[in-house]
Amino acid sequence: MRKAELARKTSETDIKMSLNIDGKGSYDIKTGIEFFDHMLNGFAKHGFFDLKVKVDGDIGVDGHHTVEDTGIVLGNAIKEACKDTKGMARFGYFILPMDDALVLCSIDFSGRPYLNFEANFNQERCGYFETELVKEFFYAVSYSAGMNIHIKQLAGDNTHHVIEAMFKAFAKALDMATSLDSRITDVLSTKGKLR
Ligand SMILES: [Mn+2]
């Protein structure tokens with residue numbers, strides 16, 4: 001089982017996380033922002049990752065530090081759990097529908113960070129969650145995990161649906177990219193090295 005257990009504490013957030021890449025989709029997530037919990041629950045469930053997250057963040061300021069720092073720790077946890085890159089599929093993609101919403105997510109778990117994020121949200125908030133933080137979250141994940149992430153909204157009016165489709169599309173793409181393929185006997189790169 002590929003697992004990671006991490007803790008990160010700053011003056012802004014105190015985060016404890018455990019991740020099992022080879023899980024069954026169980027989750028226990030409390031970030032203090034219920035909409036964000038809802039998104040991470042969907043990420044764990046649909047990626048078949050076991051994920052526990054406890055965040056004590058300065059949400060009295062706003063959600064920025066909590067969401068960004070959770071992205072940093074999740075990226076670090078993915079990188080740590082997948083430190084042995086041998087046999088890993090590396091690329092993953094999904095186009096996920098959710099009623100009106102259609103979202104593409106494509107990733108290369110290459111060791112190189114990059115985020116391309118194309119979306120237009122109709123709402124500034126979903127509950128207490130500021131929608132501009134979705135991009136901050138995926139930016140943090142891409143940099144701390146060391147992966148290319150392209151996320152593109154292909155359709156959708158309902159902001160809740162579009163964001164939820166992003167988290168689920170990312171989950172499916174990451175599940176594919178981190179899957180082990182018995183045909184890959186070494187590391188899937190002509191350079192012979194990932195990261
Ligand atoms: Mn929902």
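Helix H1 is mostly covered, with 10 of its 14 residues buried; buried here means under 20% relative accessible area, exposed means over 50%, and partly exposed is what lies in between (1.4 Å probe, protein chains only). The buried set is made up of Phe35, Phe36, Asp37, Met39, Leu40, Asn41, Gly42, Phe43, Ala44 and Gly47. Helices (H or I, at least four residues) and strands (E, at least two) are DSSP runs, numbered from the N terminus. The structure is a predicted model, so local features need pLDDT of at least 70 and side-chain atom pairs count only at pLDDT 80 or more, while totals for chains, interfaces and linings use all residues. Residues are numbered from 1 along each chain as its sequence is written, and side-chain values use heavy atoms, with hydrogens and water left out.

The length of H1 comes out as it should. At 1.5 Å a residue, its 14 residues should span 20 Å, and the end C-alpha atoms are 20 Å apart, which agrees; the expected span is 1.5 Å times one less than the number of residues. Just after H1, Phe48 takes a positive phi of about 55°.

H1 also brings in one of the ligands of the metal site. The manganese ion has as its protein donors His38 (NE2), His160 (NE2) and Glu164 (OE), which lie 2.0 to 2.2 Å from the ion. Donors are N, O and S atoms within 2.8 Å of the metal (3.2 Å for Na, K and Ca); water is not among the atoms, so sites may look incomplete. Along the chain, the donors follow the spacing H-x121-H-x3-E. The two histidines link distant parts of the chain: His38 sits in helix H1 (residues 34-47) and His160 in helix H4 (residues 159-177), 122 residues apart. His38 counts as partly exposed because its relative accessibility is 33%, and His160 gets the same label, partly exposed, at 30%.

Now for the sheets. One is an open sheet of 4 strands in the order E1-E2-E4-E3, with mixed pairing; two strands pair if DSSP finds at least two bridges between them. Its edge strands are strand E1 (3-9) and strand E3 (27-30), each pairing on one side only. From one strand to the next, the twist averages 5°; axes are lines fitted to C-alpha atoms, for helices over the stretch in contact, and angles run from 0 to 180 degrees between N-to-C directions. Strand E2 (residues 13-20) and strand E4 (residues 50-57) run antiparallel and are joined by 8 bridges, with Leu19 standing opposite Leu51 in E4. H1 packs on this sheet, touching E3 and E4, and its direction makes about 160° with that of E3; contact means heavy atoms within 4.5 Å. H2 packs on the sheet too, touching E1, E2 and E4, with its direction at about 35° to that of E2.

Helix H2 (residues 64-81) holds Thr66, which counts as buried because its relative accessibility is 0%. Leaving out residues up to four places away in sequence, Thr66 touches Thr13, Thr31, Ile33, Phe36, Val55, Gly57, Asp58 and Ile59. Among these, Phe36 is one of the buried residues of H1.

Another open sheet of 4 strands has the order E5-E6-E10-E7, again with mixed pairing. Strand E5 (91-98) and strand E7 (114-118) are the edges, each pairing on one side only, and the twist averages 10° from one strand to the next. E7 and strand E10 (residues 148-155) pair in the parallel sense over 5 bridges, and Leu115 has Ile149 in E10 as its bridge partner. Helix H3 (residues 133-145) packs on the sheet, touching E7 and E10, and its direction makes about 160° with that of E7. H4 packs on the sheet as well, touching E5, strand E6 (101-108), E7 and E10, with its direction at about 150° to that of E5.

Overall, the chain has 4 helices and 10 strands, running β-β-β-α-β-α-β-β-β-β-β-α-β-α from the N terminus on. For 195 residues, a compact globule would have a radius of gyration near 16 Å, and the chain has 16 Å, which agrees; the radius is taken over C-alpha atoms, and the globule rule is 2.2 Å times the number of residues to the power 0.38. The C-alpha atoms fill a box of roughly 50 × 40 × 30 Å along the principal axes. Buried residues make up 51% of the 195 residues, and of the contacts between residues at least 6 apart in sequence, 76% join residues at least 24 apart.
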